[in-house]
Structure formats: C-alpha cells, structure tokens
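Open the model in your viewer and keep the selection box at hand. The tour below goes stop by stop, saying what to select and what is there.

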Amino acid sequence: KKDETFVSQSYVRFYPLVIESGKGCIVRDIDGNEYIDFNSGLVCLNVGHCHPKVVDAVKKQSEKFLSYSNTDFYYRPVVDLAEKLCEITPGQFDKKVYFGNSGAEAVEAAVKLSKWHTRKQRFIAFISAFHGRTLGALSFTASKPVQRRYFFPMVPGVTHVPYPNCYHCAFKLSYPDCDYWCVDFIDEMVLQKYVPPEEVAGILVEPIQGEGGYVVPPPEYFQRLKRITDKYGLLFIDDEVQAGVGRTGRWFAIEHWKVEPDVVCIAKSIASGLPLGVIVSRARLMDWEGGSHASTFGGNPVSCVAALALIDVIKEEKLLENATKQGNYIMKRLENLKDEYEIVGDVRGKGLMIGAEIVENKKTKKPAKEKASEIMTRCWKRGIAIITCGVSTLRVAPPIIITRELVDAALDIVEDVIKEVSKEKK
C-alpha cells in the first residue's frame, strides 16, 4: 500500500515478492519464506546473490572512496576493468571501452558512437526487440505497445524488421525451407527498396531476444546478417545486456555463431547487481572528441571492482561450463514436458537462458498468456521465483552457479504446476 502511495506505478511487479535478503541461488522474503531464484533478479545476478568475493571487493573499495567522477578524473578500477573486458569480448582486434550505468545507457552510447563515427543517421532494428526505455533506446525497442504509447515522436531514422522467430515466423514460412528469407528480406526489401544503405550507421540486434520471448535465431542467421553489414559497410551492434557475461555458456552469446561485432552493449549482470553499463567497440570507432559523451557516475569504482571480481569468479569456478551443463539438462527436462503436455508449445535457449512457451494448443500455437501467468504465480507460491517474457513464455534463467540439486527441486515444482494448469479448463 505504501508502494502504491509513494512509488511510481510505471513499474510492473510480477507478484508481491518483498525481498529481505539473498544468498547464492536463494532469496528470502520479509516473512522468512525462501525461494529458488529462477530469474537471477531479472538476469542481473549471474554469480548469484552476495557472492563472497564480490562482497569482499565491494567492502574494500567502499572503505577507500565511493566516487569521484570517471568523466573528469582517473582511477584504477576503470582501467583494470576496461582491460579485462577487451580480453573477454569477441574479436582479437584493438578495442576501447565506454562506461555508463545501465543497459539503456549502453544502447544510447552505442547509437551516439555509431552516429559520430559514421556521420550517418539511420539504423535497422528488430520487431519484438527490447533495448531500454530512455527515449533514444526506446526508439529501437519494439516489444510491447505500452512501452512506446504516448511517447511519439522518438528519435527518427530507425527501421524495424522481423526478428528470426522460427516458431512464429513473420512470413509464415518454415525453417529450413525458407532459406533464410528473414535475413534476405533486410537486403532485398529494405536496403534495396526504401532505406538507402549509404545513410545507415548500423544494425542493432540481440543475439537472443530477451523480453521478446527468449527467441533463438536459426544456425546461420547471424553469419548471413554479418555479410549484409559487411556488404554495405554498416556497424554490427550487439546488445548483450541480457544474454552476456556467461549467461549462455559463453562470455557473450554472439560467440555461439562465431560473429565478431563492431560494438558490444553490456549491463545487467556485469557488476553482480550494482549499476553499470558498458560498450566495448573496435578502437578505431571511438574517435569521438572529449566532451561529446560522458556520464558522472558511469564506471563507478564500486561497480567496477564488483565486475572485476565477477569475471574472476566465472573463470575460477568454471561457470561457463556449468551454465552449459545445467542448461543442457534443463532443456532436456523441458523438452520432455513439451512432449507430454499440449500447452508447452516450444522450448528454446542456450546455456541458462531458456524459454518455454505456453500455448493454447500445439496446432494453433496461440500464446496462452493467462495460463503462463498462472503457472508463474503458482510456482512462486511454492517457492520458485520464476517470471515470464514475451507474450506467454516462462523465462528460465537461474544464476550460473546453480547446482543440479536446486535445478531438480525447482523443475519438479514447475512440472507439477504445468500438469495442474494443463488439466484445467479456461
């Protein structure tokens, strides 16, 4: 009730979970109930809640100084983290790093950098994409009408094209007989028809659509898309805000398709729950002059040391391997549910970024939004903090430290709830 009185109701709460504390893969509410975290705090906590090494790094830095404007002065954690990020992002070329505070800020920075370097104003983005809600990032977001309603006009020059969703093909085709028309469409029907490619700065894309429903493109899609960017000299801008930092079993999801982007946007989990947004680009692209873009709090030293600790933890605890191992196991269990229950229409994902789409039936593939919401809520009431994405997709994204024991405990509950809901009439 106090939240409704004093806090902006533009926020959307999935269910009335009031967090008191978190440790590892478990969150505790103010009544003492415990939940297995199957969404990692909206995919911000890849190494779990309050990892001891992250907490220790934060404590030590907090005793030194909290901030002193990375825009105007130097400090070591910024440089150390920039060096580490240049090592783990795709590509063996020289890179440079810009720091902000969030995913939306990372997207804003990537767009401004692209405009500065190319002196071009147009972009290609994707339907069902989510890139943030600040006005510039929102111009690329196309996930839900409520996110854009009443905010027109936005930044001009963004053309949206269908994302490669083989379960709900925008062109009503079937893979592989479609021969990747979804990517050829961009070239033949957009760039060759009405969007002059010489005016396009770049293409902004999520390697796996997050809020759009955890949608994974078919195998050759990104290599073909990269050929288009190379053909016309467009920048390939990779939004890894949700899919990056080990979530899919690679440092960055685009690595699954062996594509080296020109710009990578990073946020959410990079600082283990603290605010930090980053872009890493080819060094030659960051030719903008001093003062053209900056952020007082971007690259906050506390966030930077948390990020450095997180990278070390992922390496030392072999968490990329664990994300792959546990993810493969979860996929198999969810595939079994798909075979058994009519309402589980599609299972897709990589590593621990997995979606299970709930439908009315397999024939129509009609999204069952109410059923997905009911499954989510009942799972929460039984101790699984799981949420949805897209129209009706269960989002399975536990911390990449998760154990098989916790996976089984959570999936047993998820399966029981799906079984219940599948038997109930509308």
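## Stop 1: the cysteines

Select Cys 44 and Cys 50. The closest cysteine sulfur to that of Cys 44 belongs to Cys 50, but the two are 14 Å apart, too far for a bond. Now go to Cys 304. Cys 304 is in no disulfide either; its nearest cysteine sulfur sits in Cys 86, 13 Å away. How many disulfides does the structure hold? The count is 0. A disulfide is a covalent bond between the sulfur atoms of two cysteines. Keep in mind throughout that this is a predicted model.

Switch on a surface and compare these cysteines. Is Cys 304 buried or exposed? Cys 304 is buried, because its relative accessible area is 0%. Cys 50 is partly exposed, at 42% relative accessible area.

## Stop 2: the whole protein

Zoom out and show the cartoon. The secondary structure comes to 13 helices and 15 strands. Along the principal axes, the C-alpha trace spans about 60 × 60 × 45 Å. The radius of gyration is 21 Å; a compact globule of 426 residues would have one near 22 Å, so the two agree.

Colour by accessibility next. Buried residues make up 55% of the 426 residues. The exposed area is about 19,700 Å², and carbon and sulfur atoms supply 52% of it. Then turn to contacts. Among contacts with a separation of 6 or more, 72% join residues 24 or more positions apart.

## Stop 3: a sheet of 4 strands

Select residues 344-350 and 387-389. These are β11 and β14, the edge strands of an open sheet, and each pairs on one side only. Which order do the strands of this sheet follow? The order is β11-β12-β15-β14, with antiparallel pairing. On average, neighbouring strands here are turned by 30° against each other, direction ignored.

Now add residues 393-396, which form β15. β14 and β15 pair in the antiparallel sense over 3 bridges. For one of the bridge partners, pick Cys 389: its partner in β15 is Thr 393. Strands of a sheet pair through backbone hydrogen bonds, either parallel or antiparallel.

## Stop 4: Leu 310

Select helix α10, residues 301-316. Leu 310 is found in this helix. Leu 310 counts as buried because its relative accessible area is 0%. What does Leu 310 touch, leaving aside residues up to four places away in sequence? Show Val 47, Val 54, Val 245, Ser 269, Ile 270 and Ser 272.

For a sense of distance, add Glu 374. Leu 310 and Glu 374 are 64 residues apart in sequence, and their C-alpha atoms are 35 Å apart in space.

## Stop 5: Trp 288

Step back along the chain into the loop between β10 (277-282) and α10, where Trp 288 lies. Trp 288 has a relative accessible area of 15%, so it is buried; the cut-off for buried is under 20%. Display its contacts beyond four places in sequence: Tyr 98, Ala 109, Lys 112, Leu 113, Trp 116 and His 293.

Then draw a line to Tyr 214. It is 74 residues from Trp 288 along the chain, and the C-alpha atoms are separated by 34 Å.

## Stop 6: backbone exceptions

Most residues other than glycine have a negative phi, and most peptide bonds are trans. The next four selections depart from that pattern.

Begin with Phe 152 and Pro 153. A cis peptide bond joins them, with omega about 0°. Pro 153 sits in the loop between α7 (145-148) and β6 (158-161).

Move on to Tyr 175 and Pro 176. Their peptide bond is cis as well, with omega near 5°. Where is Pro 176? Look in the loop between β6 and α8 (181-191).

Stay in that loop, between β6 and α8, for Lys 172. Lys 172 is not a glycine, yet its phi is positive, about 60°. With 76% relative accessibility, Lys 172 counts as exposed.

Finish back at Cys 50. Select the loop between α2 (40-43) and α3 (52-62), where Cys 50 is found. Cys 50 also has a positive phi, about 55°, although it is not a glycine.

Note on methods
Residues are numbered from 1 along each chain as its sequence is written. This is a predicted model: local features need pLDDT of at least 70, side-chain atom pairs count only at pLDDT 80 or more; totals for chains, interfaces and linings use all residues. Side-chain values use heavy atoms; hydrogens and water are left out. Two strands pair if DSSP finds at least two bridges between them. Helices (H or I, at least four residues) and strands (E, at least two) are DSSP runs, numbered from the N terminus. Axes are lines fitted to C-alpha atoms, for helices over the stretch in contact, and angles run from 0 to 180 degrees between N-to-C directions. The radius of gyration is taken over C-alpha atoms; the globule rule is 2.2 Å times the number of residues to the power 0.38. Buried means under 20% relative accessible area, exposed over 50%, partly exposed in between (1.4 Å probe, protein chains only). Contact means heavy atoms within 4.5 Å. Accessible areas come from the Shrake-Rupley method with a 1.4 Å probe; for residues, only the protein chains shown count as cover. A disulfide is a pair of cysteine sulfur atoms within 2.5 Å.
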